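Got your viewer open? Let's take a short walk, one selection at a time.

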Protein chains: 2
Amino acid sequence: MPNPVIAEVTRGGIVESRHTGAFAVVNADGQIVSAAGDIGSAVFPRSAVKAFQCLPVIESGAADHFGLTDEEIALACSSHNGEPEHVRVARAMLAKCGNSEEDYECGAHWPIDSVAEHAAVRASDAPLQVHNNCSGKHAGMLALARQLGAERHDYVKPGHPVQQAIAETMGALCGCDLAQQPVGIDGCSVPTWAIPLRNLALGFARLPSRPAGQRIIAAVRAHPFMVAGTKRFDTDLMETVPRAFVKTGAEGVYCGAIPHAGLGIALKCDDGAGRAAEVAMAHLLASLDVWTPDEREALEAFSRKHLRNWRKLDVGEVRWPAP
Amino acid sequence: MPNPVIAEVTRGGIVESRHTGAFAVVNADGQIVSAAGDIGSAVFPRSAVKAFQCLPVIESGAADHFGLTDEEIALACSSHNGEPEHVRVARAMLAKCGNSEEDYECGAHWPIDSVAEHAAVRASDAPLQVHNNCSGKHAGMLALARQLGAERHDYVKPGHPVQQAIAETMGALCGCDLAQQPVGIDGCSVPTWAIPLRNLALGFARLPSRPAGQRIIAAVRAHPFMVAGTKRFDTDLMETVPRAFVKTGAEGVYCGAIPHAGLGIALKCDDGAGRAAEVAMAHLLASLDVWTPDEREALEAFSRKHLRNWRKLDVGEVRWPAP
């Protein structure tokens, strides 16, 4: 049975494109609060689990040992725009942990934000690894390598102590033995283990049960700009509704937690479209009976995105499917 | 009944994302040679029908009156990268028809090609309308406006003589009265009329039946770089297999003709993904019994696209679904 439509794109008064997907909302006991589609097959969570990947950075003692700030912890959980503030914080993290940009194994790409990209293009002939949207996460992984007394070289390999610590933590949180799961290579070269949506949602529901999880949520809440940046969905949504904790991942994955309600959420758009995952996540959040009226109204506004063309004419929208 | 999967994206040995869609291959009598999914519902063809939009530029006499070259006709049918060669030809077209960049109503965006984009960013603070991937088509429309003795202002509006001439030509070719069809605003502000895939395929099968259609096909075949550019699927495929005539459109549309076999093709990926439309089009072409062994082998190579991450590691591929 195919997954349901979770977002549609309109133009000229009709539906131009459709996105299917699946989602699970569960509590910390693993009980399903809301779900649709196939939530039992494993999906690669990609960057949506950066909070989980950051847990060992704190639980190992690295964050305290090196004196990481909330801003830095938020950046370690980010897929950032490569804006000057993100680059500044990533460099500060590397420096205070005794690491350098040469230690990075994430690869270089130009900043995601076009203003930052164009500034970097005017300043230089090539992008830097610190511009990589994952450079904060990798700064955290390099800190963890130091704390574990491990070689920094090859810290991105699945068998490296850094990745093994992450796999163990993430598997325990999600109730899923990652050694038995398919593993792929992520855009930034670290392993991404496939986990069913139901288990991913469970992991997010349980995140606040760990002190390190609470610290991460507080850090992101205090610095939502660090997690993404200008005109980015994660940042805008959490700046508007701070009680929501959300994180995008590549290929249409979206995860989150509602700590005050004890809920975790995981969503995947089958075709990998971020535009669909964003509006579906906003709709899904708004549909839960855990918000003030103002919060719900704000979340509903995020569940419709107007599309404008090159002359800024309204041409359609991306939205949760019309009933 | 949902449309079938027409492309899948792999990572770590499993399927990470899936794309559904529909397609039709028909001959000039409208008989279906191959088809899957819903080919009767209207879809916005977007830029996939630029060849049809160019027909009145030739059939009105504008192309001969202003002495448009094959290179310029190819650019009029393009969604180009905004590379220097594309910009040069667009400007030459405008000049020889007595029009200027100020007459454009396509809107400005930075070149699609990143090398061209970065060169433009280093040279200027803002993108130009001539960089717009549709600037060749719009130069053709402005030429048509002059030939028709119409105002150039508002040439993008559905009721303007330029767009009415296009609608009449396209409707006749596709066997579909566009006055009865939904109409949307395209990215470059011109109307896009919704047409069923079956009718779009018919229009492409019939394209060589008009002398202007033959001229367009010959022009594109002689200048495949003009139609798209560096590292673009249309250009690469037609440079490799010149007997195929293909054109991408936004939101996962892909159309084409095989003039030597009298066939037309139209394909739409439901979710709008170009990556899926490309490999599905290549597979669909390769599956037809109209090629030399070398052509088929080349087309099959285009039906699998390797995915590499920021460090150039192989992470998966986009391909026609494994049987």
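What is the mean pLDDT of chain A? Colour chain A by pLDDT, the predictor's confidence in each residue, from 0 to 100: the mean is 97, and 100% of the residues reach 70 or more. A few ground rules: this is a predicted model, where local features need pLDDT of at least 70 and side-chain atom pairs count only at pLDDT 80 or more, while totals for chains, interfaces and linings use all residues. Residues are numbered from 1 along each chain as its sequence is written, chains are lettered from A and ligands numbered from 1 in the order in which they are written, and side-chain values use heavy atoms, with hydrogens and water left out. The model as a whole scores ipTM 0.96 and pTM 0.96.

**Stop 1: both chains**

Show chain A and chain B together. Turn chain A by 180 degrees, with 0.0 Å of shift along the axis, and it lands on chain B with an RMSD of 0.0 Å. That is how a two-fold axis relates copies. The fit is by least squares on the C-alpha atoms of residues with pLDDT of at least 70 in both copies. Now select A:Arg122: its C-alpha, at 2.7 Å, comes closest to the rotation axis of all residues of chain A.

**Stop 2: where the chains meet**

Next, select the residues in contact (heavy atoms within 4.5 Å). You should get 48 residues of chain A against 47 of chain B. The two chains bury about 3,500 Å² between them, 53% of it on carbon and sulfur atoms; buried area is the accessible area (1.4 Å probe) that two parts lose on being put together, summed over both. Highlight A:Arg11, A:Trp310 and A:Arg311, which supply 18% of the area that chain A buries against chain B, more than any other three residues.

**Stop 3: charged pairs**

How many salt bridges are there between chain A and chain B? The count is four, taking a side-chain nitrogen of Lys or Arg within 4 Å of a carboxyl oxygen of Asp or Glu. Zoom in on A:Glu16 and B:Arg46, one such pair, with their closest N and O atoms 3.1 Å apart.

For a pair inside chain A, select A:Glu101 and A:Arg91, whose closest N and O atoms are 2.7 Å apart. A:Arg91 sits in helix 4 (84-96), and A:Glu101 in the loop between helix 4 and helix 5 of chain A.

**Stop 4: a hairpin**

Last, select residues 14-27 and 32-36 of chain A: these are strand 2 and strand 3, antiparallel and joined by four bridges. Helices (H or I, at least four residues) and strands (E, at least two) are DSSP runs, numbered from the N terminus, and two strands pair if DSSP finds at least two bridges between them. Look across from A:Phe23 and you'll find A:Ala36 in strand 3. Four residues lie between the strands of this hairpin, and A:Gly30 in the turn has a positive phi of about 90 degrees.
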